[in-house]
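Dear colleague,

I am passing on the structure below, and after it you will find my notes on what came out of the analysis. Please read them with the model open beside you.

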Amino acid sequence: MKIYVFGNPLVAEDSLPIHILPQLQKQFPDIDFVVVDPNENFPPEGERDLIILDVVKGISEVMLLDYSDLAKIEKSPISPHDYDLLLHLLLLKKMGKINKVKIIGTPQTSYDKKAIFEHVLEHIEAIKSTEAVDCGPS
């Protein structure tokens, strides 16, 4: 399993996923966590089912969003990073380049890092168990 991690360690509002990454890697050594810049050829060729860990503006708790939720996310010119990733994912889906997108969204502000980490763990465990069922014997 691969999880793409977005964030900027230099911008407080956009750094949480990067800050909890070492703990996640320790907790889930079997998961390939890949730090990416959404503006640089994302996703790699052939990656059709995406799992993303990123900050989502306007939420107050960790949320698991899927493609059906993307259209509900408010497009905001205040945050070009969020707008670009959202627009990029919507376009990729429309062009048939990706099948599924799951975003583990963390709050942008007012967070308890330990509690956020625990909630992210829960969502990753849920995704892992879902994928194990999807990939199991038929």
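On the surface of this predicted model, Leu87, Leu91 and Met95 form a nonpolar patch whose accessible area together is about 270 Å². Patches are made of residues with over 30% relative accessible area and no salt bridge, nonpolar side chains (Val, Leu, Ile, Met, Phe, Trp, Tyr) being joined within 5 Å and like charges within 9 Å; a salt bridge is a side-chain nitrogen of Lys or Arg within 4 Å of a carboxyl oxygen of Asp or Glu, and accessible areas come from the Shrake-Rupley method with a 1.4 Å probe, where for residues only the protein chains shown count as cover. Leu87 has its place in helix α3 (residues 80-94), and it counts as partly exposed because its relative accessibility is 31%, given that buried means under 20% relative accessible area, exposed over 50%, and partly exposed in between.

Strand β5 (residues 100-107) is mostly covered, with 7 of its 8 residues buried. It runs parallel to strand β3 (residues 49-56), to which 8 bridges join it, and Asp49 has Lys100 as its bridge partner in β5. Strand β4 (residues 63-66) is joined to β5 by 4 bridges and runs antiparallel to it, with Ile104 as the bridge partner of Leu64; strands pair if DSSP finds at least two bridges between them. Thr106, which also lies in β5, is buried, because its relative accessible area is 0%. Leaving out residues up to four places away in sequence, Thr106 touches several residues, among them Leu16, Pro17, Leu53, Ile116 and Val120, where contact means heavy atoms within 4.5 Å.

For the protein as a whole, there are 4 helices and 5 strands, in the order β-α-β-β-β-α-α-β-α from the N terminus on; helices (H or I, at least four residues) and strands (E, at least two) are DSSP runs, numbered from the N terminus. Of the 138 residues, 39% are buried, and of the contacts with a separation of 6 or more, 77% are between residues 24 or more positions apart.

The mean pLDDT (the predictor's confidence in each residue, from 0 to 100) is 81, and 80% of the residues reach 70 or more. Over residues 77-83, however, the pLDDT is below 50, and this stretch has 10 contacts in the model beyond near neighbours in sequence.

Local features need pLDDT of at least 70 and side-chain atom pairs count only at pLDDT 80 or more, whereas totals for chains, interfaces and linings use all residues. Residues are numbered from 1 along each chain as its sequence is written, and side-chain values use heavy atoms, with hydrogens and water left out.

With best wishes

Notes: Buried means under 20% relative accessible area, exposed over 50%, partly exposed in between (1.4 Å probe, protein chains only).
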